[in-house]
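Here is a short report on one protein chain. Look over the sequence and the model first, then read on.

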Amino acid sequence: MPGSSSVDTMKKVVQQLWLEAGLNQVKVSQAVADLKKFCLQNAHHDPLLTGVSSCTSSFRPQKVYSFL
């Protein structure tokens, strides 16, 4: 059938639209407020804000020990 591919595609589109229509929508202002609150609550865990101590940094050059 030449038109079945088009029908299948349209069925998938309709199915996706039904799925998206069932999702709860959040206002952008509320999403921004929630994201800001989350960032402020977790800022002390963020190494980009707090820095990484030199003894725990994985980018620090490793010490080389040699035995005589």
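A residue counts as exposed when its relative accessible area is over 50%, as buried when that area is under 20%, and as partly exposed in between. By that cut-off His44 is exposed, because its relative accessible area is 54%. The model is predicted, so keep confidence in mind throughout.

**Fold and confidence**

The protein chain holds three helices and zero strands. Along the sequence the pattern reads α-α-α. Mean pLDDT for the protein chain is 85. Of its residues, 85% reach 70 or more. Helix α2 has the highest confidence, at a mean of 95. Helix α3 (residues 47-50) has the lowest, at a mean of 82. Where pLDDT is low, the predicted coordinates should not be read in detail.

**Surface**

How much of the protein chain is buried? Just 1% of its 68 residues count as buried. The accessible surface comes to about 7,000 Å². Carbon and sulfur atoms account for 64% of that surface.

Met10, Val13 and Leu17 form a nonpolar surface patch. Together they offer about 280 Å² of accessible area. One of them, Val13, sits in helix α1 (residues 4-21). Val13 counts as partly exposed because its relative accessibility is 39%, which falls between the 20% and 50% cut-offs.

**Helix α2 and the loop after it**

Helix α2 covers residues 28-41. Does its length agree or disagree with the expected span? At 1.5 Å a residue, its 14 residues should span 20 Å. The end C-alpha atoms are 20 Å apart, so the two agree. The helix is hardly covered: zero of its 14 residues are buried.

Where is His44 found? His44 belongs to the loop between α2 and α3. Its side chain reaches back to the backbone oxygen of Gln41, at 3.3 Å. That exposed side of the picture is set beside Val13 below.

| Residue | Relative accessible area | Class |
|---|---|---|
| Val13 | 39% | partly exposed |
| His44 | 54% | exposed |

In short, the protein chain is made of three helices, with 1% of its residues buried.

Conventions: Residues numbered from 1 in each chain as written. Predicted model: local features only at pLDDT ≥ 70, side-chain atom pairs only at ≥ 80, totals over all residues. Heavy atoms only, no water. Helix = DSSP H or I, 4+ residues; strand = E, 2+ residues; numbered from the N terminus. Buried < 20%, exposed > 50% of the residue type's maximum accessible area, 1.4 Å probe, protein only. Areas by Shrake-Rupley, 256 points an atom, 1.4 Å probe, with all protein chains shown as cover. Patch = residues over 30% accessible without salt bridge, like charges linked within 9 Å, V, L, I, M, F, W, Y side chains within 5 Å. Salt bridge = Lys/Arg side-chain N within 4 Å of Asp/Glu carboxyl O. Expected span 1.5 Å × (residues − 1). pLDDT = per-residue confidence, 0-100. Polar contact = N/O pair within 3.5 Å; in protein donor to acceptor, adjacent residues only side chain to side chain.
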